[in-house]
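Colleague: Hi! Do you have a moment to walk me through this model?
Modeller: Sure, let me put it on the screen.

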Amino acid sequence: MNISARNIFKGTVSSIVRGAVNAEVAIVLASGASIVSIITIGAVERLGLKEGMAASAIVKASTVILGTNLHDAKMSARNILCGTVTRVIDGPVNCEVDLEIGGGDVLSAVITHGSAEKLGFTEGSHACAIFKASSVIIGVD
């Protein structure tokens, strides 16, 4: 299956915490960074998820928020991945910003032109990507 989401990160399921309805699934990437997803218990069972198995975390570029100086930020979003801006595609309404987050993984975010301008994103600048665990889709081969 091909999908339209740009952000597909392959890794290993490092933990599954089951609740009554949902589960928190953490996937560790080659870089050591972790992406957390909240999915239903039914999805965990249907996918056959187990700790140690290969899985992918999928994040739509439009759900990613970018910022700077966020290493020690306290917020409710579970996923904060920081890195270096590798590309900015500037448009009159929106911009695409690509962020190298380690291990060869690149995260794409689509933000408004005004936000990109205000934050001053250029190739080589530092940025952090933020997205909620409920925005992460899990896939397995």
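Modeller: What follows is a short chat about pockets, salt bridges and a few single residues.

Colleague: Before we start, what kind of model is this?
Modeller: This is a predicted model.

Colleague: Good to know. What volume does the largest pocket have?
Modeller: The largest pocket has a volume of about 360 Å³.

Colleague: And which residues line the largest pocket?
Modeller: The lining is made of Met1, Ile3, Ile8, Lys10, Gly11, Ala54, Ala55, Ser56, Ile58, Gly139, Val140 and Asp141.

Colleague: Which strands each supply at least two residues of that lining?
Modeller: Those are strand E1, covering 7-18, and strand E4, covering 54-59. E4 gives the most, with four residues.

Colleague: How do the lining residues divide into nonpolar, polar and charged?
Modeller: Seven of the lining residues are nonpolar, three are polar and two are charged.

Colleague: Let me pick one from the lining. Is Ser56 buried or exposed?
Modeller: Ser56 is buried, because its relative accessible area is 12% and the cut-off for buried is under 20%. Ser56 sits in strand E4. The C-alpha atom of Ser56 is 21 Å from that of Val110, and the two residues are 54 apart along the chain.

Colleague: What about the surface? Which residues form a nonpolar patch there?
Modeller: Met1, Ile3 and Ile8 form that patch, and together they have about 370 Å² of accessible area. These three names also appear in the lining of the largest pocket.

Colleague: Where is Ile8, and how does its accessibility class come out?
Modeller: Ile8 belongs to strand E1. With a relative accessibility of 40%, Ile8 counts as partly exposed.

Colleague: Switching to charges now. How many salt bridges does the count come to?
Modeller: The count comes to six salt bridges. One of them joins Arg6 and Glu96, with the closest N and O atoms 2.6 Å apart. Arg6 lies in the segment before E1 and Glu96 in strand E7, residues 94-102, so this pair ties together parts that are 90 residues apart in sequence.

Colleague: Nice. Are Arg6 and Glu96 buried or exposed?
Modeller: Arg6 is partly exposed, at a relative accessible area of 44%. Glu96 counts as buried, because its relative accessibility is 12%.

Colleague: Which other side chain meets Glu96 in a salt bridge?
Modeller: The side chain of Arg87 does, at 3.1 Å from N to O. Salt bridges that share partners join Arg6, Arg87, Glu96 and Asp98 into one network. As for Arg87, a relative accessibility of 38% makes this residue partly exposed.

Colleague: Back to the pocket for a second. Which residue does Asp141 form a salt bridge with?
Modeller: Asp141 pairs with Lys10, and the closest N and O atoms are 4.0 Å apart. Asp141 lies in the segment after strand E10, which covers 136-139, and Lys10 lies in strand E1, so the pair ties together parts that are 131 residues apart in sequence. Both Asp141 and Lys10 are exposed, and both are listed in the pocket lining.

Colleague: Why can side chains like that pair at all?
Modeller: Side chains of opposite charge can pair when their charged atoms come close.

Colleague: New topic: backbone angles. Which residue has a positive phi although it is not a glycine?
Modeller: That is Asn69, with a phi of about 55°. Asn69 is in the loop between strand E5, residues 65-67, and strand E6, residues 79-90.

Colleague: Is Asn69 buried or exposed?
Modeller: Asn69 counts as exposed, because its relative accessibility is 71% and the cut-off for exposed is over 50%.

Colleague: I also had my eye on Phe131. Where is it, and is it buried or exposed?
Modeller: Phe131 is in strand E9, which covers residues 126-131. At a relative accessibility of 1%, Phe131 counts as buried. The C-alpha atoms of Phe131 and Ser62 are separated by 9.8 Å, with their positions 69 residues apart along the chain.

Colleague: Last one, then. Where is Ser4 found?
Modeller: Ser4 is found in the segment before E1. Ser4 is exposed, with 70% relative accessible area. Its C-alpha atom is 8.3 Å from that of Lys60, and Ser4 and Lys60 are 56 residues apart along the chain.

Colleague: Great, thanks for the tour!

Notes:
Residues are numbered from 1 along each chain as its sequence is written. This is a predicted model: local features need pLDDT of at least 70, side-chain atom pairs count only at pLDDT 80 or more; totals for chains, interfaces and linings use all residues. Side-chain values use heavy atoms; hydrogens and water are left out. On a 1 Å grid over the protein atoms alone, a cavity is a set of points where a 1.4 Å probe fits but cannot get out, and a pocket is an open set with protein on both sides within 12 Å along at least five of seven lines; lining residues have an atom within 4 Å of a point. Grid points are joined across faces, edges and corners, and a volume is the space filled by probe spheres set on the points. Ala, Val, Leu, Ile, Met, Phe, Trp, Tyr, Cys and Pro count as nonpolar, Asp, Glu, Lys and Arg as charged, and the others, Gly among them, as polar. Patches are made of residues with over 30% relative accessible area and no salt bridge: like charges are joined within 9 Å, nonpolar side chains (Val, Leu, Ile, Met, Phe, Trp, Tyr) within 5 Å. Accessible areas come from the Shrake-Rupley method with a 1.4 Å probe; for residues, only the protein chains shown count as cover. Buried means under 20% relative accessible area, exposed over 50%, partly exposed in between (1.4 Å probe, protein chains only).
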